[in-house]
Amino acid sequence: MHRSILSIGLLLLLFACRKQEQPNVLLIIVDDLGKYDLGYYGSAIHQTPNMDALAAQSLRFEQAYSNYPRCVPSRYALLTGGYPVIDGDVPDDGFSLSALPTQQQFVRQIRDHGYATAYFGKWHLGKGASGPGAVGFEYTYAAGEAGSPRSFLFPFNTPKGNNRNVKKAPIPDIDAVTDTSAYLTDVLTQEVINYLQARPKDQPFFACLAYYAVHQPLEGKPADVARNRKEIAAHDFGQQPEYIAEGTGRTKMRQDNPQYAAMVENLDVNIGRILEVLEEKGFAENTILVFTSDHGGLSNDGYNQRQLATSNYPLRAGKGWLYEGGIKVPLFVRYPAGVQARTDAHSLVMLMDLLPTFQAWLAPEIEQTNMDGQNLLPIIRGGEQGGERLVYWHESKARPNNTGESPASAVRSGSWKLIDFYTEDRLELYNLATDPGETNNLVSTEAERAKILHQKLVEWKANF
């Protein structure tokens, strides 16, 4: 009898220890941040020491991609672990996320394994019953249907200057802010800090911070804008043109927007604040911190010329396009307790892989079936590189007025990428290993390869 009681007690103690050792997760998603906006990747304009340090401490996936070059489909893919195609089409602005199939209830399954769950910032997949609670987040802040704020400057739900688009949905919760000098990115960060500081050590958390920055409106803090304006004016861009023609408009080739630079640098300051609090609370060692962007930076316009945020050079084009500048993203995984800081230059990974990976990491008892997204744990933990993989994109909601592109679909296999501009009956084929800037269309000289890849793309689209 006593031996039995001792055995039960030992089991309970072991379970409690195991529970305390479960890793925390903090997923940070930046809006519209281009990979080359970071100093780590060579930006000569944007000063990003905190994000650079985070990259150096992380597993860096150099072949990481968004599932779509715009916000709603990209976020849908990330949260559902699947390609952003529903009933033959792509979810876009105005889409509301409803109940998901059981195998896609990743956040709820993680919550059921003892995790506190929280979501801060941009949701853009509906409101109310279609908000973050629909997928299992218990606590939310500033998460609604808005795709961007009316203003980053207080009061946030009031447009400023030439930004008069009052049709944008207001962001919930932020009207309670009373500090007239407040800046939205700072406010979101402080809410996350408050959450982290209140967390008990004996319950792990799964939190997502989805910044509205660095999306339009392009509004930095005045002092930061003034400083960047001077620094950019003194910078020598050499022979680099300011714009080149692309599609129905232009691609920006210089990072010379002082408002955007100020926003990127403010974001960096806030990443530093979060890293500091994780250290102070003793969470840093046992927290899986994942940092990414929802797609490439805004570098293109269309028939309607407008102020552009950044350049994704040396990648081609940007937000809205299936060229590399529109879909290639930074992706860092920092976990001091179990992941070696290193560069993975080979493994092809997608944002839709993140939630299946978290589920496998935090709730491994649950079997994963019928997933488009892949579990990256063998790569993350073992250091092995991912094998050959076919991945696809389908962009049916082109915006020739705003970002200049035409509808397109794409497939990548190894280093080869085929883009089908299907309304124009035009194929383009690139070898990204030798031509990451997609300047040399090989569809004629590699006709057989193009034919095979196009057939695979057609077969995939037939299953929508």
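Me: With Ala, Val, Leu, Ile, Met, Phe, Trp, Tyr, Cys and Pro counted as nonpolar, Asp, Glu, Lys and Arg as charged, and the others, Gly among them, as polar, how many residues of each class are in the lining of the largest cavity?
Reply: Happy to sort them! This is a predicted model, where local features need pLDDT of at least 70, side-chain atom pairs count only at pLDDT 80 or more, and totals for chains, interfaces and linings use all residues. Residues are numbered from 1 along each chain as its sequence is written, and side-chain values use heavy atoms, without hydrogens and water. The lining includes Phe61, Val333, Leu376 and Ile380, and its classes come to nine nonpolar, one polar and no charged residues.

Me: How much space lies in the largest cavity?
Reply: A cavity is a set of points on a 1 Å grid over the protein atoms alone where a 1.4 Å probe fits but cannot get out, with lining residues having an atom within 4 Å of a point. The whole structure has one cavity of 30 Å³ or more. The space in the largest cavity is about 50 Å³.

Me: Which helix gives the most to that lining?
Reply: Strand 9 (287-293) and helix 9 (354-362) each supply at least two residues. With four residues, the top contributor is helix 9.

Me: Why is Cys71 not bonded to the closest cysteine sulfur, and how far away is that sulfur?
Reply: A disulfide needs two cysteine sulfur atoms within 2.5 Å, and the structure has zero of them. Cys71 is buried (under 20% relative accessible area, 1.4 Å probe, protein chains only), at 7%, and Cys208 is buried at 3%. The closest cysteine sulfur to that of Cys71, in Cys208, is too far for a bond, at 14 Å.

Terms used:
Buried < 20%, exposed > 50% of the residue type's maximum accessible area, 1.4 Å probe, protein only. 1 Å grid on protein atoms, 1.4 Å probe; cavity = no way out; pocket = protein on both sides within 12 Å on 5 of 7 lines; lining within 4 Å. Points joined across faces, edges and corners; volume = space filled by probe spheres on them. Nonpolar A, V, L, I, M, F, W, Y, C, P; charged D, E, K, R; others polar.
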